[in-house]
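Work through the exercises below with the structure open beside you. Try each task before reading its solution.

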Amino acid sequence: MKLPNHIAIILDGNGRWAKNKGMPRSYGHIIGCDNLEKMCNIICEIGVRYLTVYAFSTENWKRSKEEIKILMNLFRKYLKRCEKSVKKNQMRVKIIGDPERLEPDIQRSICKLEDMSKDYDKMFFRIALNYGGRDEILRAVTRLVKDARQGKLPQGKISEEMLDSYLDTPGIPDPDLLIRTSGEQRLSNFMLWQLAYTEFYFTDVPWPAFDKKELDKAIEQYNERDRRYGDVKEEKSKEGGACL
């Protein structure tokens with residue numbers, strides 16, 4: 001069976017999973033966070049090189065202040081716990097998205113985690129925090145235009161490769177497989193540029209209940225797809241690990 005080189009996951013259904021068990025939404029987020037750590041280890045063990053997960057979108061700020069506070073505290077704890085997984089799996093971590101709206105202590109934890117993992121290359125793990133696909137493209141275009149006006153870019157037509165280098169994911173391959181849990185069948189503003197030729201897999205299983213058995217199902221279905229397509233960004237070079 002051929003493994004996807006890069007798997008992207010929209011971690012959906014924590015709150016609904018908890019509600020179905022008569023528990024508060026916060027309980028679902030806690031278990032979902034635990035499951036992310038578990039699945040990250042499994043995905044690394046089976047040999048997938050790249051994993052990107054959608055943890056908190058730019059639209060998630062519309063949730064209640066109480067739920068946002070709970071999520072931010074979970075991110076604080078997870079970023080610290082992630083240090084053990086980083087060492088165990090020789091995993092390089094990078095946060096994608098706009099960190100400026102996050103609290104300073106979270107930004108410091110992000111920088112610490114990225115720095116301590118910058119030399120690892122067994123697996124490349126991306127966590128999308130305060131991320132939106134449209135926002136990413138707007139930020140990329142803004143930087144590109146600024147550099148063009150300052151004469152930092154070669155004159156002539158702007159290429160896909162040039163714009164791609166200004167996105168949050170330079171130097172890494174586009175996802176081969178996108179998994180979205182909990183039944184929704186939409187992208188929800190996730191990696192709009194990078195998912196152009198990705199295979200999609202939707203499952204009704206909520207994220208806290210997603211396990212290796214469910215992952216195997218997704219990979220099996222991926223193997224049944226005909227992967228003949230046009231140009232897709234492939235791995236170009238090992239990415240650096242500079243702080244945000």
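**Exercise 1. Locate Asn189, decide whether it is buried or exposed, and list its contacts.**

Step 1. Asn189 sits in the loop between β5 and β6. Strands here are DSSP runs of E with at least two residues, helices are runs of H or I with at least four, and both are numbered from the N terminus.

Step 2. The model is predicted, so local features need pLDDT of at least 70 and side-chain atom pairs count only at pLDDT 80 or more, while totals for chains, interfaces and linings use all residues. Residues are numbered from 1 along each chain as its sequence is written, and side-chain values use heavy atoms, with hydrogens and water left out.

Step 3. Asn189 has 15% relative accessibility, so it counts as buried. Buried means under 20% relative accessible area, exposed means over 50%, and partly exposed lies in between (1.4 Å probe, protein chains only).

Step 4. Set aside neighbours within four places in sequence. Asn189 is then in contact with Tyr54, Thr58, Glu59, Tyr131, Gly132, Gly133 and Arg134. Contact means heavy atoms within 4.5 Å.

**Exercise 2. What is the sign of phi at Asn189 and at Asn130?**

Step 1. Recall the background: most residues other than glycine have a negative phi.

Step 2. At Asn189, phi is near 65°, a positive value in a residue other than glycine.

Step 3. At Asn130, phi is near 45°, again positive in a residue that is not glycine.

Step 4. Place Asn130: it belongs to strand β4. With 5% relative accessibility, Asn130 counts as buried.

**Exercise 3. Classify the ring pairs that Tyr54 makes with Tyr131 and Phe190.**

Step 1. Two numbers are needed: a pair of aromatic rings is described by the distance of the centres and the angle of the planes. Rings of Phe, Tyr and Trp (its six-membered ring) pair if their centres lie within 6.5 Å; planes under 30 degrees apart are stacked, over 60 edge-to-face, and the rest tilted.

Step 2. The count by this rule is nine aromatic pairs. In one of them, Tyr54 and Tyr131, the centres are 5.9 Å apart and the planes stand at 85°, so the pair is edge-to-face.

Step 3. That pair links distant parts of the chain, with Tyr54 in strand β2 (residues 50-57) and Tyr131 in strand β4 (residues 123-131), 77 residues apart.

Step 4. For Tyr54 and Phe190, the centres are 4.4 Å apart and the planes at 15°, so this pair is stacked. Tyr54 lies in β2 and Phe190 in the loop between β5 (177-180) and β6 (199-202), so the pair ties together parts 136 residues apart in sequence.

Step 5. Check burial. Tyr54 is buried at 7% relative accessible area. Tyr131 is buried at 0%. Phe190 is also buried, at 0%.

Step 6. Put the rings together: ring pairs link Tyr54, Tyr131 and Phe190 into a cluster.

**Exercise 4. How does α2 pack against α3?**

Step 1. Helix α2 (residues 25-46) and helix α3 (residues 65-89) meet at an angle of about 20°, and their axes are 10 Å apart. Axes are lines fitted to C-alpha atoms, for helices over the stretch in contact, and angles run from 0 to 180 degrees between N-to-C directions.

Step 2. The two helices are therefore roughly parallel. Angles under 35 degrees count as roughly parallel, over 145 as roughly antiparallel, 65 to 115 as roughly perpendicular, and the rest as oblique.

Step 3. Zoom in on Arg81, which is in helix α3. Its relative accessible area is 31%, so Arg81 is partly exposed. Beyond neighbours within four places in sequence, Arg81 is in contact with Asp34 and Glu37. Arg81 and Asp34 are 47 residues apart in sequence and 10.0 Å apart in space, C-alpha to C-alpha.

**Exercise 5. At what angle do α2 and α7 pack, and which residues make the contact?**

Step 1. α2 and helix α7 (residues 212-224) pack at about 50°, with axes 11 Å apart. That makes α2 oblique to α7.

Step 2. Met39, Ile42, Ile43 and Ile46 of α2 meet Lys212, Leu215 and Ile219 of α7.
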